[in-house]
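Reader: I would like to learn how to read a model like this one, feature by feature. Could you take me through it slowly, giving the general idea before the particular case?

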Amino acid sequence: MAKFLLSSPFCFLFLFSFVALPLLTWPAYAGVTKHYTFEIKLQNVTRLCHTKSMVTVNGRFPGPRIMAREGDRLLIKVINHVQNNISIHWHGIRQLQSGWADGPAYITQCPIQTGQSYVYNFTIVGQRGTLFWHAHISWLRSTVYGPLIILPKPNDSYPFVKPHKEIPIIFGEWFNVDPEAIISQALQTGGGPNVSDAYTLNGLPGPLYNCSSKDTFRLKVKSGKTYLLRLINAALNDELFFNIANHSVIVVETDAIYVKPFETNTLLIAPGQTTNVLLNTKPNFPAADFLMTAKPYATGQGTFDNSTVAGILEYQSPSLHSTVPVKNLPLFKPNLPPLNDTSFATNFTNRLKSLASAQYPANVPLKVDKHFFFTVGLGTNPCDQNQTCQGPNGTKFAASVNNVSFVQPTTALLQAHFSGQSNGVFSPSFPFSPAHWFNFTGNPPNNTMVGNGTKVVVLPFNTSVELVMQDTSILGVESHPLHLHGFNFFVVGQGNPPNNTMVGNGTKVVVLHFNTSVELVMQDTSILGVESHPLHLHGFNFFVVGQGFGNYDPKNDPENFNLVDPIERNTVGVPPGGWVAIRFLADNPGVWFMHCHLEVHTSWGLKMAWLVLDGNLPNQKLPPPPADLPKC
């Protein structure tokens, strides 16, 4: 029988394949070390016929693209040649055991001062997709930002069709004047800052602005191809709708996490968020050009840049001898939602689901160790003595989390924690929930129905009466002139709404033990008007398990939480007049910033930090700081 087996051609091939198969197995990708140098320098840049000297990386606006693969190590040397202090944040990178490289000034490091340098040293662990980097001090990220593209490991493929080409599209804002002067003046006067003069697409405002037609990004494509557009919102203060005329796209990733694909004509992207979409071009040359536009989704009561940035999608002509001159092609314009279309925003975000496959699971914490309830919103601080302020009723605008407006320290929190010298730098007493509970959103329950009847109050003669009349907000507060027949009366007292717009101030953190599973509900408030707040958490991804409008109901709302395939991301919008619930596992020791990615709200104090203690094992501990860590 053995002789028969060896002489059989079929069995010979079978045995050969069995022996040879291990030789074809690729070794695990160990990653490579990639070096970049960021020279922080001033550069003259012209947009909208305005030339200004502004802070850049390597003289480029936007800054250079960083390319790496999952598993690679990055060494990025930042050298500061300008008068401004600088720090760089690698937005969305987990920074596992490399918290010293996260970048937010006075949180994980002191900023890099003039003439100094710092090497950001981190390894990309378990992440692939589109992220970005930006300055993380004051408003310098208005000009200091760029894409950070993480490709899969060499032998891993996308969970979608391989694109013909990949194109980063990064949105920003252009100010004709120095944004640092704008926020400095606003913080001094207490009023709202001036808005930008234009939005930009890959640094260019596009043809819909005056003196800008030559500064237009043109995406040149071929018919019948699939393109991967890596969309990044690096704008300072605005969520954006985006649309390509006469085209739909397929959403396949958000915040470097694969999602269940779905088709849409328009998408919403908040500051700090990224979205990858597949664009399938038309099968034949359309003999037309198409605008790609973005404009703001605005929910607050303040001023905003209500303009539209545009690029042009151009099809490559099938023949150099085309009978249609390219310059005479018709140009189609897209239709974007109204600027306050919260219905569209809600429907779009509700469609986002994690892929939740065997290869890319959604590891939602099902058991929760710690529950937190944070209110987020605007408020006020008193005006300084002998100063006139431009905030509400002569105050200064402020913003807070659980009514604590974050006070920036002068020493980095992580350095203070690691050295055991946190006294006087921060307090570990950040409140787990608001000190005072109230109708956070001003939205009453569904109790607008009134009773009906013909009823009177009976009084014995000479009864002395004290009557208190209270306005309600069921359908909105309003003045009501009440007239009493047959009597005069004495007005012995009256009350205006309490002066509860004032915030507290402090530098406080939440302390978590390693591997604590956290559920956090973030509730918008209407103290100075409801508004959407894109909250970004450093050092972690989280799962968005629920969201809704009105006041969060801790009894009934959790019954509708999605614990199967919720979207996983690093930045989430708290709905205007609503709430969002997230879950994450505190498996990353260090100090991790959480803040609104509307830069004006961050400047006003809508920020806090989580301190995650070391675990017991060596790979659960934060290493000592690098020797070149900047000093304050």
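Author: What follows goes from the overall chain to its strands, its salt bridges and a few unusual backbone places.

Reader: Where should I begin, and how many helices and strands are there in the chain?

Author: Begin by keeping in mind that this is a predicted model. The chain contains 6 helices and 33 strands, and its C-alpha trace spans about 120 × 70 × 60 Å along the principal axes. For 632 residues a compact globule would have a radius of gyration near 26 Å, and the chain, with 28 Å, agrees with that. Buried residues account for 52% of the 632 residues, while the chain exposes about 30,600 Å², of which carbon and sulfur atoms supply 54%. If one takes the contacts between residues at least 6 apart in sequence, 79% of them join residues at least 24 apart.

Reader: How do I read a sheet, and in what order do the strands of the open sheet with 6 strands come?

Author: The general idea is that strands of a sheet pair through backbone hydrogen bonds, either parallel or antiparallel. In this open sheet the 6 strands follow the order S10-S9-S12-S17-S14-S15, with mixed pairing. Its edges are strand S10 (198-201) and strand S15 (257-264), each of which pairs on one side only. Neighbouring strands of this sheet are turned by 25° against each other on average, when direction is ignored. At the S10 end, strand S9 (residues 165-174) runs antiparallel to S10 and is joined to it by 4 bridges, and one bridge places Glu 173 as the partner of Tyr 199 in S10.

Reader: Which way do the side chains of strand S13 point, and are they buried or exposed?

Author: In a regular strand the side chains alternate between the two faces of the sheet. In S13, Glu 239, Phe 241 and Asn 243 point one way, Leu 240, Phe 242 and Ile 244 point the other way, and all are buried. For strand S13 (residues 239-244) as a whole, 6 of its 6 residues are buried, and the strand is mostly covered. S13 pairs in the antiparallel sense with strand S18 (residues 289-297) over 6 bridges, and also with strand S16 (residues 266-269), again antiparallel, over 4 bridges. Phe 242 can serve as a reference point, since it stands opposite Ala 294 in S18 and has Leu 267 as its bridge partner in S16.

Reader: How many salt bridges are there, and which parts does the pair of Arg 141 and Glu 599 tie together?

Author: The count comes to 11 salt bridges, by a rule that asks for a side-chain nitrogen of Lys or Arg within 4 Å of a carboxyl oxygen of Asp or Glu. In one of them Arg 141 meets Glu 599, with the closest N and O atoms 2.5 Å apart. Arg 141 sits in the loop between strand S7 (129-135) and strand S8 (145-151), and Glu 599 in helix H6 (residues 599-604), so the pair ties together parts that are 458 residues apart in sequence. Arg 141 and Glu 599 are both buried.

Reader: What is the accessibility of Lys 367 and of its partner Asp 369?

Author: The side chains of Lys 367 and Asp 369 form a salt bridge at 2.5 Å, N to O. Lys 367 is exposed, at a relative accessible area of 59%, whereas Asp 369 is partly exposed, at 36%. Asp 369 is also among the residues in contact with Thr 516, together with Lys 370, Phe 584, Leu 585 and Ala 586, once neighbours within four places in sequence are left aside. Thr 516 belongs to strand S26 (residues 516-524) and counts as buried at 9% relative accessibility.

Reader: Where in the chain are the unusual backbone places, such as the cis peptide bond between Phe 61 and Pro 62?

Author: Most residues other than glycine have a negative phi, and most peptide bonds are trans. The bond joining Phe 61 and Pro 62 is cis, with omega about -10°, and Pro 62 lies in the loop between strand S2 (50-57) and strand S3 (66-69). Cys 211, not a glycine, has a positive phi of about 55°; it lies in the loop between S10 and strand S11 (218-221) and is partly exposed, with a relative accessible area of 38%. Asn 462, also not a glycine, has a positive phi of about 70°; it is placed in the loop between helix H5 (413-418) and strand S24 (504-506) and is exposed, at 69%.

Terms used:
Residues numbered from 1 in each chain as written. Predicted model: local features only at pLDDT ≥ 70, side-chain atom pairs only at ≥ 80, totals over all residues. Heavy atoms only, no water. Pairing = 2+ DSSP bridges. Helix = DSSP H or I, 4+ residues; strand = E, 2+ residues; numbered from the N terminus. Axes fitted to C-alpha atoms, helices over the stretch in contact; angles between N-to-C directions. Buried < 20%, exposed > 50% of the residue type's maximum accessible area, 1.4 Å probe, protein only. Rg over C-alpha atoms; globule rule 2.2 N^0.38 Å. Contact = heavy atoms within 4.5 Å. Areas by Shrake-Rupley, 256 points an atom, 1.4 Å probe, with all protein chains shown as cover.
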